[in-house]
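Me: I would like a close look at a single part of this model, followed by the contacts and links found elsewhere in the chain. Please state the criteria as you proceed.

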Amino acid sequence: MICLKPLRNEKFTARIQRKKLPIKVEKKKVGSGSYNTVYRALVQPPCKDTDKKIIFRRSKDTIENVQLFNQEVRMAIKMAAAGAGPEVFRAGLDIQERGFIVMEQYPTSLRELMDLPPSKRPKWTEIEKGLRKPLKKMAQAGIFCSDLKFRNVVIRGRPRSSWVMKLIDFGDDFCAFRDDIIIPDRYIKGYQQKISAGKMKKID
């Protein structure tokens, strides 16, 4: 059976997960932020999707505001459905009430690429071409996110011509939740046009 299927419930509500997840989480962390730690993980047999590359993100402490966590997961689901973010397969609270998300793995971030010496760094035109796709899909879906950082853009695929870029990290400092989770109708058209047709500023 297929154990991990994309979540599409945009009314997601976190619940404590008492049943063991069908994954094995690696001990070595691959990323860490102010509130969360990220690990690579593998789907375990007898699941038929054992070749699926995933990550397991868990909060460092007990979630005090479950509503904000719910909103973050809902935004991740919306972004995935729009083709702008990685797929979300599972989410909830562990028995210590720490929030967790199981997502599609994208092994490299745009931050890592930009930290390379100029001679080894991809041309900005190549980066712009790859980044424009998820931004355009986000705009077409009427989703408004701000404060986009290089570390919040993840990449998969080689060579460069086959790059797929996605946007991640939908915390309160990145996306608008609450009443303005979707752009008001009168602003959508202009927003979509600017994202779709606008030129990004070149970064040295």
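Which helix lies across E7 and E8, and at about what angle to E8 does it run?

Reply: Helix H3 (residues 124-140) lies across E7 and E8, and runs at about 45° to E8. Axes here are lines fitted to C-alpha atoms, for helices over the stretch in contact, with angles from 0 to 180 degrees between N-to-C directions; contact means heavy atoms within 4.5 Å. Helices (H or I, at least four residues) and strands (E, at least two) are DSSP runs, numbered from the N terminus.

The model is predicted: local features need pLDDT of at least 70, side-chain atom pairs count only at pLDDT 80 or more, and totals for chains, interfaces and linings use all residues. Residues are numbered from 1 along each chain as its sequence is written, and side-chain values use heavy atoms, with hydrogens and water left out.

The sheet beneath this description is open and has three strands in the order E6-E7-E8, with antiparallel pairing. Strand E6 (108-109) and strand E8 (164-167) stand at the edges with a single partner strand each, so one side of each lacks a neighbour in the sheet. Two strands pair if DSSP finds at least two bridges between them; E6 and strand E7 (residues 153-156) run antiparallel and are joined by two bridges. Thr 108 has Ile 155 in E7 as its bridge partner.

Charged side chains also meet aromatic rings. The charged end of Arg 156 sits over the ring of Tyr 106, 4.3 Å from its centre, and that of Lys 52 sits over the ring of Phe 89 at 4.7 Å from its centre. The criterion is NZ of Lys or CZ of Arg within 6 Å of the ring centre and within 35 degrees of the ring normal.

One aromatic pair is counted, for which the ring centres of Phe, Tyr or Trp (its six-membered ring) must lie within 6.5 Å; planes under 30 degrees apart count as stacked, over 60 as edge-to-face and the rest as tilted. Phe 56 and Phe 100 form this stacked pair, 5.9 Å centre to centre with 20° between the planes. Phe 56 belongs to strand E3 and Phe 100 to strand E5 (residues 99-104), so the pair ties together parts 44 residues apart in sequence. Both Phe 56 and Phe 100 are buried, that is, under 20% relative accessible area (exposed is over 50%, partly exposed in between; 1.4 Å probe, protein chains only).

The structure holds one disulfide, a pair of cysteine sulfur atoms within 2.5 Å. The bond joins Cys 3 to Cys 47, S to S 1.9 Å. Cys 3 lies in the segment before strand E1 (23-32), and Cys 47 in the loop between strand E2 (36-43) and strand E3 (53-59). Both Cys 3 and Cys 47 are buried.
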